[in-house]
Amino acid sequence: MIRIANAQFWVHDQDQALDWYTRTLGWEVRADVSIPEWDFRWLVVGPPGQDDVGLVLMPVPQEPMLDATTSAQLSEIVAKGAGGTLFLETDDCQAAYDELSARGVVFNDPPTPQPYGIDTSFRDPFGNNVRLTQVLEFSLDRG
């Protein structure tokens, strides 16, 4: 059996990302392992109560992995919100919106009814997109 264990977002500062994901979103640290000889840090966070999947917060690669120009371009793409989207589900989109707004999350739009449910979106401090959805009737496995 193959299953999804983690997804990944590029971040510009892992310490800032750790602070935002744990303090603002209320997520847990799943792994925070430094390997100094590689100048590498494996940092994984995830929502409480869902231990089987995490979000890896990876620094934007620098040389020698990427040349300086490509690294800067990747940083710009992430900052513009074009680096990918994390889709989260909630049982109550309005309540989650209210709670996260109170914690300082700046949403792109209010919870809005869609054909598949109620959803909204926000970006993390680095520009990564997050959609927050209360799935209602439309779903492949929910009929």
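Does Phe107 count as buried or exposed, and at what relative accessibility? Let us start there and work outwards, keeping in mind that this is a predicted model. At 13% relative accessibility, Phe107 counts as buried, because the cut-off for that word is under 20%. Phe122 is buried as well.

These two residues also meet through their rings. A pair of aromatic rings is described by the distance of the centres and the angle of the planes. For Phe107 and Phe122 the centres are 5.2 Å apart and the planes stand at 70 degrees, so the pair is edge-to-face. Phe107 belongs to strand S6 and Phe122 to strand S7 (residues 117-123), so this pair ties together parts that are 15 residues apart in sequence.

Phe107 has another ring partner, Tyr97. Here the centres lie 4.5 Å apart and the planes are at 45 degrees, so this pair is tilted. Tyr97 sits in helix H3 and Phe107 in strand S6 (residues 107-114), which places the partners 10 residues apart and links distant parts of the chain. In total, the structure holds five aromatic pairs. Ring pairs join Trp20, Tyr21, Trp27, Tyr97, Phe107 and Phe122 into a cluster.

Now take a wider look around Phe122. Leaving aside its neighbours within four places in sequence, Phe122 is in contact with residues including Trp20, Leu25, Leu100, Val105, Asn108 and Val130. Where does such company come from? In soluble globular proteins, nonpolar side chains tend to be buried together. In this model, the largest nonpolar core has 25 residues, and those with the most contacts inside it are Tyr21, Leu25, Trp27, Leu55, Leu57 and Phe122. Among the elements that give two or more residues to this core are strand S1 (6-11), helix H1 (14-24), strand S4 (54-59) and helix H3 (93-102). The largest share, four residues, comes from H1.

Strand S4 is worth a closer look. Five of its six residues are buried, so S4 is largely enclosed by the rest of the structure. S4 is part of an open sheet of four strands, with the order S1-S4-S3-S2 and mixed pairing. The edges of this sheet are S1 and strand S2 (28-35), each of which pairs on one side only. On average, neighbouring strands are turned by 20 degrees against each other, direction ignored.

What does mixed pairing look like here? Strands of a sheet pair through backbone hydrogen bonds, either parallel or antiparallel. S1 and S4 run parallel and are joined by six bridges, while S3 and S4 run antiparallel and are joined by two bridges. You can follow this at Leu55 in S4, which is the bridge partner of Ala7 and also of Val45. Val56, also in S4, is the bridge partner of Val44.

Finally, follow the chain past S8 to Leu136, which lies in the segment after that strand. Leu136 is partly exposed, with a relative accessible area of 44%. Not counting residues up to four places away in sequence, Leu136 touches Tyr116, Gly117 and Ile118. The C-alpha atoms of Leu136 and Gln114 are separated by 9.2 Å, although these residues are 22 apart along the chain.

How does a record describe this chain? An unreviewed UniProt entry lists residues 3-135 as "domain: VOC". In the model, that span is 25% helix and 41% strand, and its end C-alpha atoms lie 22 Å apart.

Methods. Residues are numbered from 1 along each chain as its sequence is written. This is a predicted model: local features need pLDDT of at least 70, side-chain atom pairs count only at pLDDT 80 or more; totals for chains, interfaces and linings use all residues. Side-chain values use heavy atoms; hydrogens and water are left out. A nonpolar core is a set of buried Ala, Val, Leu, Ile, Met, Phe, Trp, Tyr and Cys residues joined through side-chain atoms within 4.5 Å. Buried means under 20% relative accessible area, exposed over 50%, partly exposed in between (1.4 Å probe, protein chains only). Contact means heavy atoms within 4.5 Å. Rings of Phe, Tyr and Trp (its six-membered ring) pair if their centres lie within 6.5 Å; planes under 30 degrees apart count as stacked, over 60 as edge-to-face and the rest as tilted. UniProt positions are given in the numbering used here, feature names are shortened, and annotations may be inferred rather than shown by experiment. Two strands pair if DSSP finds at least two bridges between them. Axes are lines fitted to C-alpha atoms, for helices over the stretch in contact, and angles run from 0 to 180 degrees between N-to-C directions.
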